[in-house]
Amino acid sequence: MATRETGSVPELPEVETVRRQLAPHVEGRAIAAVTIDDPRWCAPDAPAATAAALRGRTVRALERRGKHLIWRTDAGTLLLHLRMTGVLLVDPEPDAPYRRVEIAFDDGPTVWFCDPRRFGTGRWFADPGAADAHLDARLGPEPLSDAFTGDALRAALRGRRAPVKSLLLDQRVVAGVGNIYADEALFLARVHPLRAGGAVTPAACRALVDAIRTVLLAGIDAGGATIDDFRHVDGVTGGFQDDFLVHRRAGEPCPTCATPVARRVVGQRATYSCDRCQTPPRGAPAPLEGGRRAGPILRG
DNA sequence: CGACACTCCTGATGGC
DNA sequence: TGCCATCAGGAGTGTC
């Protein structure tokens, strides 16, 4: 049995992969029982109320918006977010650790939401329109949709003085991009992460849109190719982390020009770039010392 | 409103 | 070998 890479924090490609894998298990099925072990998961709503609302609902469609997993039912919508370390397991081993929620289906699987750091969330909306409004208030365009254009990105960055890297992580600028794919896309587009958002040229915005699409699609391809079961929290095969160009590669040669990859902290996030391929703005601080690796890659 | 610090949480890591 | 401070990070909140 193949095992699954949980390696990186889930971003759009990982959530999309989960959606594709999970959908055939849950769509069209009715929820028989829900157990919420961790009240933080559905806060500020009470676990009992959330569990009661879900019980008896039939899942009509499993969708995704940004990094949110949308469970559309016959009467209401659940918005689930994996955050840092959340995973969904289908018919898990009984000793799978860190269970926070169990959803048992009629004539179907049991799904566990497991999450060691307990950052993951699940919010129930009896009114589906309220769920969509909740998302629309927090999320910018879907990066793989026609709405995400160079002009749209340019408009979102115009006048902003914060580093473009930080702005790409702002879900209102573009939905679904996280720390890994932001670094990779900036490298592909040859835009330095420290450049002020408002100083990114229209041409660079177009390149950035293309690059974001490229890295997200590559991530989806890698996830789809390597994630093939939901039974184990730990254990792993392959994954996009083997394909990073600069992310978590401080000190290693740039794949384009062999200059050592630079590491900095931008917006309180580890940030990797090639300071030759991606021209730093004037006054950019020097990279951090050494080629030492960043933090741990969490496995399960 | 924008920018930024802080907070949540816990496993992995590295220095001593 | 063991202890323990530090780090990682999505997104919400608070401050200026």
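Reader: How many residues of the surface near DNA strand B are charged?
Author: This is a predicted model, in which local features need pLDDT of at least 70, side-chain atom pairs count only at pLDDT 80 or more, totals for chains, interfaces and linings use all residues, and side-chain values use heavy atoms, leaving out hydrogens and water. Residues are numbered from 1 along each chain as its sequence is written, while chains are lettered from A and ligands numbered from 1 in the order in which they are written. A residue is near a strand if one of its heavy atoms lies within 4 Å of it; Ala, Val, Leu, Ile, Met, Phe, Trp, Tyr, Cys and Pro count as nonpolar, Asp, Glu, Lys and Arg as charged, and the others, Gly among them, as polar. The surface near DNA strand B has five nonpolar residues, one polar, and the charged ones number six.

Reader: Which residues are the closest to DNA strand B?
Author: In total, 12 residues surround this strand. Of its atoms within 4 Å of the protein, 64% belong to sugar or phosphate and the rest to bases. The closest residues are Arg-40, Pro-116, Arg-118, Arg-160 and Arg-161.

Reader: Which residue has a polar backbone atom 3.1 Å from a phosphate oxygen of DNA strand B?
Author: A polar contact here is a pair of N or O atoms within 3.5 Å; within protein, one must be able to donate a hydrogen and the other to accept it, and residues adjacent in sequence count only if both atoms are side-chain atoms. Side chains make such contacts with phosphate oxygens of this strand: an N or O atom of Arg-40 is 3.0 Å away, and one of Arg-118 is 3.1 Å away. The backbone contact you ask about, also to a phosphate oxygen, comes from Ala-162.

Reader: Turning to the other strand, which residue has a polar side-chain atom 2.6 Å from a base nitrogen of DNA strand C?
Author: DNA strand C is surrounded by 14 residues, the closest being His-81, Met-84, Arg-117, Asn-179 and Arg-269. His-81 places a side-chain N or O atom 2.5 Å from a phosphate oxygen, and Ala-270 has a backbone N or O atom 3.2 Å from a phosphate oxygen. The contact to a base nitrogen is made by Arg-269.

Reader: In what order do the four strands of the open sheet lie?
Author: Strands (E, at least two residues) and helices (H or I, at least four) are DSSP runs numbered from the N terminus, and two strands pair if DSSP finds at least two bridges between them. In this sheet the pairing is antiparallel. Its edge strands, each pairing on one side only, are β2 (59-65) and β8 (121-125). The full order is β2-β3-β4-β8.

Reader: Which residue in the turn between β2 and β3 has a positive phi?
Author: β2 and β3 (residues 68-73) pair in the antiparallel sense over six bridges. Partners across them include Ala-61 with Arg-72, and Arg-65 with His-68. The two strands form a hairpin with two residues between them, and the phi of about 60° belongs to Gly-66.

Reader: At what angle to β4 does helix α3 run?
Author: Angles run from 0 to 180 degrees between N-to-C directions, with axes as lines fitted to C-alpha atoms, for helices over the stretch in contact; contact means heavy atoms within 4.5 Å. Helix α3 (residues 128-138) lies across β2, β3, β4 (76-81) and β8. Its angle to β4 is about 30°.

Reader: Are Val-87 and Leu-89 of β5 buried or exposed?
Author: Buried means under 20% relative accessible area, exposed over 50%, and partly exposed in between (1.4 Å probe, protein chains only). β5 (residues 87-90) is covered on both faces, with Leu-88 and Val-90 on the side opposite Val-87 and Leu-89. β5 also pairs with β7 (residues 110-114) in the antiparallel sense over four bridges, Val-90 standing opposite Val-111. Both Val-87 and Leu-89 are buried.

Reader: How far apart in space are Pro-44 and Arg-123, C-alpha to C-alpha?
Author: Pro-44 sits in the loop between β1 (31-36) and α2 (47-54). Pro-44 is exposed, with a relative accessible area of 70%. In sequence, Pro-44 and Arg-123 are 79 residues apart, whereas their C-alpha distance is 8.8 Å.
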